[in-house]
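Subject: Structure handover

Hi,

Here is the structure I promised you. Please open it and keep it in view while you read my notes.

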Amino acid sequence: DGDERAARDVHRVLMTVRDVERIGDHAVNIAARTLYMAESSDELLF
């Protein structure tokens, strides 16, 4: 059925978007920790 296929496709896209967002969150954390290590500033940690 076309509706079921559309629902599966939307679900896959939403899960992919969620995963990409999580990757972005991890990248921000890595960058913040790297700056902390380089600058030794507690303001960079959150």
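A word on terms before we start. A helix here is a DSSP run of H or I with at least four residues, and helices are numbered from the N terminus. By that rule, V28 has its place in helix α1. Please also bear in mind that this is a predicted model.

**Overall build**

How many helices and strands does the protein have? The count is 1 helix and 0 strands. Helix α1 takes in residues 2-39, which makes 38 residues. From its first C-alpha to its last, α1 reaches 55 Å. That is close to the 56 Å expected at 1.5 Å a residue. Just after α1 comes S40, with a positive phi of about 55 degrees. The C-alpha trace of the protein spans about 60 × 15 × 5 Å along its principal axes.

**Annotation**

An unreviewed UniProt entry carries the annotation "domain: PhoU" for residues 7-33. In the model, that span is 100% helix and 0% strand. The C-alpha atoms at its ends lie 39 Å apart.

**Surface and charge**

The protein has 46 residues, and 2% of them count as buried. About 4300 Å² is exposed, with 58% of it supplied by carbon and sulfur atoms. On the charge side, there are 6 positive and 10 negative side chains. The centres of these two sets lie 9 Å apart.

**Two residues to click on**

Start with V28. Why does V28 count as partly exposed? Its relative accessibility is 45%, and partly exposed means between the 20% and 50% cut-offs. From V28, look back to R18, 10 residues apart along the chain. Their C-alpha atoms are separated by 16 Å.

Now go to T34, which also lies in helix α1. T34 counts as partly exposed because its relative accessibility is 45%. What does the side chain of T34 reach? It reaches the backbone oxygen of I30, at 2.8 Å. A general point helps here: an α-helix has 3.6 residues a turn, so residues three or four places apart point the same way.

Best wishes

Conventions:
Residues are numbered from 1 along each chain as its sequence is written. This is a predicted model: local features need pLDDT of at least 70, side-chain atom pairs count only at pLDDT 80 or more; totals for chains, interfaces and linings use all residues. Side-chain values use heavy atoms; hydrogens and water are left out. UniProt positions are given in the numbering used here, feature names are shortened, and annotations may be inferred rather than shown by experiment. Helices (H or I, at least four residues) and strands (E, at least two) are DSSP runs, numbered from the N terminus. Buried means under 20% relative accessible area, exposed over 50%, partly exposed in between (1.4 Å probe, protein chains only). Accessible areas come from the Shrake-Rupley method with a 1.4 Å probe; for residues, only the protein chains shown count as cover. Lys and Arg count as positive and Asp and Glu as negative; His and the chain ends are not counted. The place of a charge is taken as NZ of Lys, CZ of Arg, CG of Asp or CD of Glu. The expected span of a helix is 1.5 Å times one less than its number of residues. A polar contact is a pair of N or O atoms within 3.5 Å; within protein, one must be able to donate a hydrogen and the other to accept it, and residues adjacent in sequence count only if both atoms are side-chain atoms.
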